[in-house]
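Please open the model in a viewer and keep the sequence panel visible. The tour below proceeds by selection, with a description of what is found at each stop.

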Amino acid sequence: DTKFMLDENIPKLLKRFLESRGHSAEYAPKGTKNSKLASLALEKRRVLVSRDDDFLNPVLFPPRQFPGIIVFTIHPPKTEKLIRGMELLLSEVNEFKGRLIVVSEVGFEIVD
């Protein structure tokens with residue numbers, strides 16, 4: 001199963017949802033800067049999950065170097081909508097390595 005590294009802007013219910021599906025999910029320490037969050041995800045070989053659009057920048061965070069990057073662009077970021085987006089994503093995608101996946105209210109898009 002997939003291992004996820006969650007940014008602090010991801011709700012705890014989403015973490016519980018992932019764990020209920022048999023995945024491993026852990027938060028980076030509170031206040032972790034994006035560059036450090038990215039290093040942690042790489043180091044621990046975890047798919048990075050965030051709502052921060054910095055991670056949409058392929059120059060700063062080249063998807064090919066990561067176990068995967070998932071960015072939610074749902075506004076307002078209601079927990080139910082984030083969970084619904086993740087549920088849809090997990091039902092259709094099982095390979096995250098080297099991919100940047102953008103999850104919106106209407107579904108998701110694999111950018112790379």
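Begin by selecting K12, R16 and S20 in this predicted model. These exposed residues sit on the face of helix 1 that is turned away from its buried side.

Next, keep helix 1 (residues 12-20) in view and select L14, F17 and L18, which are its buried residues. Why do they lie on the same side of helix 1? They cover an arc of only 95° around the axis, which puts them on that one side. The underlying geometry is general: an α-helix has 3.6 residues a turn, so residues three or four places apart point the same way.

To see what covers these buried residues, add strand 1 (3-6), strand 2 (24-27), strand 4 (69-72) and helix 3 (79-92) to the selection; the cover of helix 1 includes these four elements. Then move just past the end of helix 1 to G22, where the backbone takes a positive phi of about 85°.

**Salt bridge between helix 3 and a loop**

Select E87 and R21 and display their side chains. They meet in a salt bridge, with an N to O distance of 2.8 Å. E87 belongs to helix 3 and R21 to the loop between helix 1 and strand 2, so the pair ties together parts that are 66 residues apart in sequence. Are the two partners buried or exposed? E87 is partly exposed, with a relative accessible area of 33%, and R21 also counts as partly exposed, at 41% relative accessibility.

**The network around E26**

Now select E26 together with K44. Their side chains form a salt bridge at 2.9 Å, N to O. Because E26 lies in strand 2 and K44 in the loop between helix 2 (34-43) and strand 3 (47-50), the pair ties together parts that are 18 residues apart in sequence. Both residues may be coloured by accessibility: E26 is partly exposed at 23%, and K44 is partly exposed at 36%.

Add R46 to the selection. Its side chain meets that of E26 in a salt bridge of 3.3 Å, N to O. This pair links distant parts of the chain, with R46 in the loop between helix 2 and strand 3, E26 in strand 2, and their positions 20 residues apart in sequence. R46 counts as buried, because its relative accessibility is 9% and the cut-off for buried is under 20%. Which residues do the shared salt-bridge partners join into one network? They are E26, K44 and R46. The model has 5 salt bridges by the rule applied, including those visited here.

**The whole chain**

Finally, clear the selection and show the chain as a cartoon. How many helices and strands does the chain have? It has 3 helices and 6 strands, and along the sequence they follow the pattern β-α-β-α-β-β-α-β-β.

The C-alpha trace spans about 30 × 30 × 25 Å along its principal axes. The radius of gyration is 12 Å, which agrees with the value near 13 Å that a compact globule of 112 residues would have.

Switch to a surface representation to close the tour. The chain exposes about 6,100 Å², of which carbon and sulfur atoms supply 49%. Of the 112 residues, 44% count as buried. Among contacts between residues at least 6 apart in sequence, 47% join residues at least 24 apart.

Key
Residues numbered from 1 in each chain as written. Predicted model: local features only at pLDDT ≥ 70, side-chain atom pairs only at ≥ 80, totals over all residues. Heavy atoms only, no water. Buried < 20%, exposed > 50% of the residue type's maximum accessible area, 1.4 Å probe, protein only. Helix = DSSP H or I, 4+ residues; strand = E, 2+ residues; numbered from the N terminus. Arc of directions from axis to C-beta. Contact = heavy atoms within 4.5 Å. Salt bridge = Lys/Arg side-chain N within 4 Å of Asp/Glu carboxyl O. Rg over C-alpha atoms; globule rule 2.2 N^0.38 Å. Areas by Shrake-Rupley, 256 points an atom, 1.4 Å probe, with all protein chains shown as cover.
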